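Colleague: I'd like to learn how to read a structure like this one from the bench side. Could you take me through it feature by feature?

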Amino acid sequence: MTTTTPAEPEAPAPARPRDRSAPVPAPVPVLWLALLATPVAAAANAPVLILPDMAASLGVGTSTATWLVAAFAWAMAVSVPLLAGLLRRRGLAPLLRLSAALLLGGTLLVAASPWLPAALLGRAGQAAGGAGLVAAAMSLAGSARRMGVISAGFGMLGASGPLLGAQLSHAVSWRLALSVSLVSLLAVPAVSRYAAAPTATAAPAPAGAGAAQGGRFDARGAGLLTVLATALVLLPHAPAVALGSAAVAAALLALHVRRRPDGFVPAALVRSPLFAGSALLALALSTSYFTLLFAVPRLLADRAGWDVTAAGTGQLAALLTGSALSWLLAAGSARMGRTTVRTVLVVIGTLAAVLAVFASWGPLLLAATLGAVFGATGANAVLSVQAASSVPNPQRPTAIGLFTLCYQLGGAFGPAIATALVLGS
């Protein structure tokens, strides 16, 4: 005969730690995210029309002054995945605090330094801070439509950057033109309220990008990725050394990923055809866009006889139009399907490059700019979501960070290509 004893009261189940990368139940309003992320695009593009003024002020040649652009692009490229790892390990609040401090400190250094090396350090600090704010905004977006708002804002503020930079430079100083990303700090308190809310806090994330198994940070993986990105950024400037360094760093990183498949660069992400295809297409379109962004004003002057004001105004109109159209693509991407969206991006991006090479009529050159920004901004909005969908939700910040790294490499390649083909002649 079986006897039974009174049941003991059930102990409450231990609370499951929440993933720091998981979306908060109350999403941050998308306009706050756009304000948080997009002013950095204006700061990135502000030097387009004022490189000679910057060079003269610092006592260097125009080609040397382009290092201020390259330093910004390099810091953006390497900082987004690193700070996305910080977001995943520590949460939103520490990321926002560090990013705001880097942005403010870098801007003060740019504003005060009379020497190129210190100005380069300041631009790198600005870019690193902006990269952290971009990583936060993109990780909180959550959908292609909301990501489209952020990407369209990137395009529009990036479009305004050259003319805004020229006007601020002529009215006050080129240093003020490079400081416009400080506007992002206006959004930090509003977004921080979501970090402070109980629904936005979480326990440490599981191992993945930025967190190795056992909770340790994968410093070797992060270091190898940084070296690889740095070598790639230097590729247009010192091809032989950079190519050799990139090859060695890539080989070491591949071996490291095999040993640590859940480290800073997850093996599942690297092996995903969806992620690789999305990132490489974004890199190509971004490179084309940034090349034309810097080259078209000079082409308008040389081929069509436009002055700086007419070129800047025309380019602004083209970039604003292309950015607005890219939001329509992002909003309709779910209905169009992945293949159709990619076909549209490839066709328009290719047509833009062909027009830039062969057109001599001003409106056609502006059409090339419109197509380039449409392709790059649309890719950033749509392909970033596709790239993030290739991994489990806890690794979404990793996917977005590495995707953005590829996109930002175009920001390093483009100005160097434009200088070699057009600006340096």
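Modeller: Happy to. A helix here is a DSSP run of H or I with at least four residues, and helices are numbered from the N terminus. With that in hand, T62 can be placed in helix α4, which spans residues 62–65. Keep in mind that this is a predicted model.

Colleague: How many helices and strands does the protein chain have?

Modeller: The protein chain has 18 helices and zero strands.

Colleague: Back to T62, then. Is T62 buried, partly exposed or exposed?

Modeller: The general idea is a cut-off on relative accessible area: under 20% is buried, over 50% is exposed, and anything in between is partly exposed. T62 has 38% relative accessibility, so it counts as partly exposed. Once neighbours within four places in sequence are set aside, T62 is in contact with L51, P52 and A55.

Colleague: How far apart in space are T62 and T419?

Modeller: Their C-alpha atoms are 9.3 Å apart, although 357 residues separate T62 and T419 in sequence. For the chain overall, take the contacts with a separation of 6 or more: 83% of them are between residues 24 or more positions apart.

Colleague: Can we try the accessibility reading on other residues?

Modeller: Let's take S169, in helix α8 (residues 144–171). Its relative accessibility is 11%, and therefore S169 counts as buried. Beyond its neighbours within four places in sequence, S169 is in contact with I50, D53, W174 and A177.

A388 belongs to helix α17 (residues 362–388). At 1% relative accessibility, A388 is classed as buried. Its contacts, leaving out neighbours within four places in sequence, are R396, A399 and I400. The C-alpha atoms of A388 and S139 are separated by 9.6 Å, with the two positions 249 residues apart along the chain.

Colleague: Helix α17 also holds A367. Why does A367 count as partly exposed?

Modeller: Because its relative accessibility is 35%. The C-alpha atoms of A367 and L351 are 9.5 Å apart, and the two residues lie 16 apart in sequence.

T226, found in helix α11 (residues 219–234), is another partly exposed residue, at 22% relative accessibility. T226 is in contact with V78 and L82, again leaving aside neighbours within four places in sequence. From T226 to S79 the C-alpha distance is 8.6 Å, for a sequence separation of 147 residues.

Colleague: And what share of the chain is buried?

Modeller: Buried residues account for 55% of the 425 residues in the protein chain.

Colleague: How should I think about what is inside?

Modeller: In soluble globular proteins, nonpolar side chains tend to be buried together. Here, the largest nonpolar core has 127 residues, and L36, L96, F275 and Y289 touch the most other members. Helix α14 (residues 273–304) contributes the most to this core, with 15 residues.

Colleague: Which residues does L96 touch?

Modeller: Not counting residues up to four places away in sequence, L96 touches L36, L133, A136, V188, V191 and S192.

Colleague: L36 turns up there too. What should I look for in its helix?

Modeller: An α-helix has 3.6 residues a turn, so residues three or four places apart point the same way. In helix α1 (residues 30–37), the buried residues include V30, L33, A34, L36 and A37. They cover an arc of only 160 degrees around the axis, so they sit on the same side of α1.

Colleague: Last topic: how do I read a pair of packed helices?

Modeller: Look at the axis distance, the angle and the residues that meet. The axes of α14 and helix α16 (residues 338–358) come within 10 Å and cross at roughly 25 degrees. Angles under 35 degrees count as roughly parallel, and that makes α14 roughly parallel to α16. The crossing of α14 past α16 is left-handed. Among the residues that meet are L274, G277 and L281 in α14, and L345, V346 and G349 in α16.

Colleague: What is the angle between α14 and α15?

Modeller: Helix α14 packs against helix α15 (residues 308–336) at about 145 degrees, with their axes 9 Å apart. The contact is made by Y289, L292, L293, V296, P297 and L300 of α14 and A311, Q315 and L319 of α15. This time α14 makes a right-handed crossing as it passes α15.

Methods. Residues are numbered from 1 along each chain as its sequence is written. This is a predicted model: local features need pLDDT of at least 70, side-chain atom pairs count only at pLDDT 80 or more; totals for chains, interfaces and linings use all residues. Side-chain values use heavy atoms; hydrogens and water are left out. A nonpolar core is a set of buried Ala, Val, Leu, Ile, Met, Phe, Trp, Tyr and Cys residues joined through side-chain atoms within 4.5 Å. Buried means under 20% relative accessible area, exposed over 50%, partly exposed in between (1.4 Å probe, protein chains only). Helices (H or I, at least four residues) and strands (E, at least two) are DSSP runs, numbered from the N terminus. Contact means heavy atoms within 4.5 Å. The arc is that of the directions from the helix axis to the C-beta atoms. Axes are lines fitted to C-alpha atoms, for helices over the stretch in contact, and angles run from 0 to 180 degrees between N-to-C directions. Angles under 35 degrees count as roughly parallel, over 145 as roughly antiparallel, 65 to 115 as roughly perpendicular and the rest as oblique. A crossing is left-handed if the near helix is turned anticlockwise from the far one by less than a right angle, and right-handed if clockwise.
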